[in-house]
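Trainee: I have just opened this one and would like a guided look. Could you walk me through it?
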Amino acid sequence: MTSLKLNERFWCTNYPTTLDGNAGTWFKTLRPGSIYNFAQLKYLFLTNFMQLRKYKGDSHSIIGCKQKEGESVREYFTRFINSTLDVPGHDEGLISGAFAWGLLPGPLSKKLMGKKPQTRAELKEKAERYLR
């Protein structure tokens, strides 16, 4: 296999042909002659489209998820579990504790405060049993 090292002039000339949609529209708004090298073009592209990157949550996003006034336990449970899917390397104990902490006062919150579930599966089982 032969690896070809293409020069910067080639990339600056041919890169725009690979763009379509929002990226193509963005590129067409650049003033002619305003880009001096491929590194500058790459920097401008990344800074313009960086906000579209998918957010990966952390433990704060799990702890900050709380049941809203008027939100059913089922809706809160679904929203909570979906928010934990974006958090890599999460602790199962943190998830069940944060869920119980985020619940509005009521029968399920009292039940979870007694014997806290240790895993997401236990949490799901207790929540589903309550919802039935």
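**A walk through the model**

Mentor: Let us begin inside: leaving aside its neighbours within four places in sequence, Phe99 is in contact with Tyr76, Phe77, Phe80, Leu108, Leu112 and Leu123. Please keep in mind throughout that this is a predicted model.

Trainee: OK, and how many residues does the largest nonpolar core have, and which have the most contacts inside it?

Mentor: The largest nonpolar core has 17 residues, and those with the most contacts inside it are Phe80, Phe99, Leu103 and Leu112. The elements giving two or more residues to this core are helix H5 (73-84), helix H6 (92-102), helix H7 (107-114) and helix H8 (120-131).

Trainee: Which of them gives the most?

Mentor: That is H5, which gives five residues to this core. There is also a second, separate core of six residues, and Tyr15, Leu19, Ala23 and Trp26 are among them.

Trainee: Stepping back a bit, what does the secondary structure come to?

Mentor: The protein has eight helices and zero strands, and read from the N terminus on, its elements run α-α-α-α-α-α-α-α. Of its 132 residues, 27% count as buried, while the accessible surface comes to about 9,700 Å², with 57% of that belonging to carbon and sulfur atoms.

Trainee: And how much of the contacting is between residues far along the chain, say 24 or more positions apart?

Mentor: Taking the contacts with a separation of 6 or more, residues 24 or more positions apart account for 52% of them. As an example of two positions with that spacing, Leu94 and Gln118 are 24 residues apart along the chain, and their C-alpha atoms are separated by 8.6 Å. Leu94 itself lies in helix H6 and is partly exposed, with a relative accessible area of 25%.

Trainee: Back to the helices, then. Which residues of H7 are buried?

Mentor: The buried residues of H7 are Leu108, Ser109 and Leu112. They cover an arc of only 100° around the axis, which puts them on the same side of H7. What covers these buried residues includes H5, H6 and H8.

Trainee: What does the other face of H7 carry?

Mentor: The face of H7 turned away from its buried side carries the exposed residues Pro107, Lys110 and Gly114.

Trainee: What about H2, which residues are buried there?

Mentor: In helix H2 (residues 21-28) the buried residues are Ala23, Gly24 and Trp26. Seen down the axis of H2, they fall within an arc of 160°, so these residues line one face of the helix. Helix H3 (38-49) is included in what covers them, and the face of H2 turned away from its buried side carries the exposed residues Asn22 and Lys28. Ala23 and Trp26 are also included in the second core that we met above.

Trainee: Changing topic: how many salt bridges are there?

Mentor: The count comes to three salt bridges. In one of them the side chains of Arg79 and Glu71 meet, with 2.9 Å from N to O.

Trainee: Is Glu71 buried or exposed?

Mentor: Glu71 counts as buried, because its relative accessibility is 14% and the limit for buried is under 20%. Its partner Arg79 is partly exposed, with a relative accessible area of 27%.

Trainee: And where do Lys124 and Glu128 lie?

Mentor: Both Lys124 and Glu128 lie in helix H8, four residues apart, about one turn of the helix. They form a salt bridge in which the closest N and O atoms are 4.0 Å apart. Lys124 is partly exposed at 42% relative accessible area, and Glu128 is partly exposed at 33%.

Trainee: How are Glu125 and Arg129 placed in H8?

Mentor: Glu125 and Arg129 are four residues apart in helix H8, so they are separated by about one helical turn. Their side chains meet in a salt bridge at 2.7 Å, N to O. Glu125 is partly exposed, with a relative accessible area of 45%, and Arg129 counts as partly exposed at 45% relative accessibility.

Trainee: Why does a spacing of four places suit a pair like that?

Mentor: An α-helix has 3.6 residues a turn, so residues three or four places apart point the same way.

Trainee: Last one: which element has the lowest mean pLDDT?

Mentor: Helix H1 (residues 8-14) has the lowest mean pLDDT among the elements, 69, whereas H5 has the highest, 85. For the protein as a whole the mean pLDDT is 77, and 83% of its residues reach 70 or more.

Technical notes: Residues are numbered from 1 along each chain as its sequence is written. This is a predicted model: local features need pLDDT of at least 70, side-chain atom pairs count only at pLDDT 80 or more; totals for chains, interfaces and linings use all residues. Side-chain values use heavy atoms; hydrogens and water are left out. A nonpolar core is a set of buried Ala, Val, Leu, Ile, Met, Phe, Trp, Tyr and Cys residues joined through side-chain atoms within 4.5 Å. Buried means under 20% relative accessible area, exposed over 50%, partly exposed in between (1.4 Å probe, protein chains only). Contact means heavy atoms within 4.5 Å. Accessible areas come from the Shrake-Rupley method with a 1.4 Å probe; for residues, only the protein chains shown count as cover. pLDDT is the predictor's confidence in each residue, from 0 to 100. The arc is that of the directions from the helix axis to the C-beta atoms.
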